[in-house]
Amino acid sequence: MADCLFCRIVAGDVDADVVHETERTLAFRDINGQAPTHVLVVPRVHYDDAAALAAGDPEAAAELVTAAAAVAEAAGHDDYRLVFNTGPSAGQTVFHTHLHLLAGRSFTWPPG
Ligand code: AMP
Ligand code: ZN
C-alpha cells in the first residue's frame, strides 16, 4: 500500500533503525521510544491489525512473536511487554499490524 508508512519502511522507501529481519517480518526501533528498548515488529505484507494478520497469515502472526522474543533476548531482556493496539480508542495510530516490544524498565498494570 503506497500510502502506508510501515509498507514504505518495509520497501526501504522510508528510513528506519532496523534491528531484526526474518522471512515474513521486519523489526525496527520506535521513533518515539517509551522504554530503553522499544521495537516495532511488523509483517512484510500489509494487514490492518493483529486479528486480520492472524486470520490471513497465521505463520506470520506467530513469527511476529518469535521475532520480538529474539530481539528481547539479544538485548539481554528476560522480562518484556508485547502490545498490539487495535483500533483508535485503544491507541492504534498506524493501521499496518505492528507488535510493540517494550523492555528495560518496570511497567505498571493496568496500562493507561
Ligand atoms: P500505535 O500507536 O500502536 O499504532 O503505534 C505506532 C507507533 O509507530 C508509535 O509508537 C510511533 O511512535 C511509531 N512510529 C511512527 N512513525 C514511525 C517511524 N517513521 N519510524 C518508527 N516508528 C514510528
Ligand atoms: Zn502497510
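## A tour from the zinc site to strand β5

Start at the zinc ion (ligand 2): its 4 donor atoms subtend angles of 106 to 117°, which makes the arrangement tetrahedral. The cut-off used here asks that all angles for four donors lie between 85 and 135 degrees. The ideal tetrahedral value is 109.5 degrees. Keep in mind that this is a predicted model.

**Stop 1: the zinc donors.** Select Cys4, Cys7, His46 and His96. The two cysteines coordinate the zinc ion (ligand 2) through SG, and the two histidines through ND1. The distances run from 2.1 to 2.3 Å. Along the sequence, the donor spacing reads C-x2-C-x38-H-x49-H. Now show Cys4 and His96 alone. Cys4 sits in the segment before α1 (5–11), while His96 belongs to the loop between β4 (81–83) and β5 (99–103), so this pair ties together parts 92 residues apart in sequence. Are Cys4 and His96 buried or exposed? Both are buried.

**Stop 2: ligand 1.** Move to ligand 1 and display its surroundings. How many residues surround ligand 1? There are 16, and the closest are Asp30, Gly91, Thr93, His98 and His100. Zoom in on Asp30. One of its polar side-chain atoms lies 2.5 Å from an oxygen atom of ligand 1. Next, pick His98. An N or O atom in its side chain is 2.9 Å from an oxygen atom of ligand 1. Then turn to Ile31. Here a backbone N or O atom lies 3.1 Å from a nitrogen atom of ligand 1. Switch on the surface: of the 510 Å² of accessible area that ligand 1 has on its own, the protein covers 83%.

**Stop 3: strand β5.** Select residues 99–103, which form β5. His100, one of the closest residues to ligand 1, is in this strand. How many residues of β5 are buried? The count is 5 of 5, and the strand is mostly covered. Look at the side chains. Leu99, Leu101 and Ala103 point one way, and His100 and Leu102 point the other way. In a regular strand, side chains alternate between the two faces of the sheet.

**Stop 4: the partners of β5.** Add β3, residues 37–43. β3 and β5 pair in the antiparallel sense over 5 bridges. To find one of them, select Thr37: its bridge partner in β5 is Ala103. Now add β4. It also runs antiparallel to β5, and 3 bridges join the two strands. Finish at Arg81, which stands opposite Leu102 in β5.

How values were computed. Residues numbered from 1 in each chain as written. Chains lettered and ligands numbered in written order. Predicted model: local features only at pLDDT ≥ 70, side-chain atom pairs only at ≥ 80, totals over all residues. Heavy atoms only, no water. Donors = N, O, S within 2.8 Å, 3.2 Å for Na, K, Ca; no water. Tetrahedral: all angles 85-135°; square planar, octahedral: opposite > 155°, others 65-115°. Helix = DSSP H or I, 4+ residues; strand = E, 2+ residues; numbered from the N terminus. Buried < 20%, exposed > 50% of the residue type's maximum accessible area, 1.4 Å probe, protein only. Near = heavy atom within 4 Å. Polar contact = N/O pair within 3.5 Å; in protein donor to acceptor, adjacent residues only side chain to side chain. Areas by Shrake-Rupley, 256 points an atom, 1.4 Å probe, with all protein chains shown as cover. Pairing = 2+ DSSP bridges.
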